[in-house]
Amino acid sequence: MQFDEIDKLYFPPNFEVKLSTTIKVMVKINNKLDGYHIRNLPNLISNWTYPKGGKNFKPFSLIEFNPAENGFVAEIRLIKKDNEIDELKLFCQDILDIFNCEKISVLEWEMEEL
């Protein structure tokens, strides 16, 4: 199994990421999303956490999720921000891992501030 490399897909945003920042995340994959992903990705994104110091942190809330031609677009709002951690990179890595385990390649990961 070949995994997509995060350093070839993820680049830090060109805007300041702070509390209450709303971000549009656009993910393009090499397949169409199936019904399973369309139903479950919004829940995964809404409840996504990362571990730090023995606790799980939920850094953002999902505002909107839309399946796209080959991927999805999600609008998220930061509700917690750790200055030492790039939460968006951790989130990207988890999305890559999920799709790669299903032999789906992530072709593009783009973000813009709303």
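How many helices and strands are in the protein? Switch your viewer to a cartoon display and count along: there are three helices and six strands. Keep in mind as you look around that this is a predicted model.

**Stop 1: the whole chain**

Colour the chain from the N terminus onward and follow the elements in order: α-β-α-β-β-β-β-α-β. Now turn the model about. The C-alpha trace spans about 35 × 25 × 25 Å along its principal axes. For 114 residues, a compact globule would have a radius of gyration near 13 Å, and the 14 Å of this protein agrees with that.

Next, show the contacts between residues at least 6 apart in sequence: 70% of them join residues at least 24 apart.

**Stop 2: the surface**

Turn on the surface. Its accessible area comes to about 6700 Å², and carbon and sulfur atoms account for 48% of that. Colour the charged side chains and you will find 14 positive and 19 negative ones. The centres of these two sets lie 4 Å apart.

**Stop 3: the core**

Hide the surface and go inside. Of the 114 residues, 37% count as buried. The largest nonpolar core holds 31 residues, and you can select those with the most contacts inside it: Ile23, Ile45, Phe72, Phe99 and Trp109. Elements giving two or more residues to this core include α1 (6-9), β1 (22-29), α2 (35-47) and β6 (106-113). Helix α3 gives the most, with six residues.

Which residues is Phe72 in contact with, leaving aside its neighbours within four places in sequence? Select Phe72 and look for Val25, Met26, Val27, Leu33, Leu41, Ile45, Phe65, Asn66, Pro67 and Phe99.

**Stop 4: a residue on helix α2**

Select Asn43, which lies in helix α2. Asn43 has 47% relative accessibility; partly exposed covers the range between 20% and 50%, so Asn43 counts as partly exposed. Then draw a distance from the C-alpha atom of Asn43 to that of Glu87: they are separated by 18 Å, and the two residues are 44 apart along the chain.

**Stop 5: two loops**

Move to the loop between α1 and β1, where you will find Ser20. Its phi is near 75°, a positive value in a residue other than glycine. Is Ser20 buried or exposed? At 51% relative accessibility, Ser20 counts as exposed.

Finish at Lys103, in the loop between α3 and β6. Phi of Lys103 is near 60°, again positive in a residue other than glycine. Lys103 is exposed, with a relative accessible area of 68%.

How values were computed: Residues numbered from 1 in each chain as written. Predicted model: local features only at pLDDT ≥ 70, side-chain atom pairs only at ≥ 80, totals over all residues. Heavy atoms only, no water. Helix = DSSP H or I, 4+ residues; strand = E, 2+ residues; numbered from the N terminus. Rg over C-alpha atoms; globule rule 2.2 N^0.38 Å. Buried < 20%, exposed > 50% of the residue type's maximum accessible area, 1.4 Å probe, protein only. Contact = heavy atoms within 4.5 Å. Areas by Shrake-Rupley, 256 points an atom, 1.4 Å probe, with all protein chains shown as cover. Lys, Arg positive; Asp, Glu negative; His and termini not counted. Charge placed at Lys NZ, Arg CZ, Asp CG, Glu CD. Core = buried A, V, L, I, M, F, W, Y, C linked by side-chain atoms within 4.5 Å.
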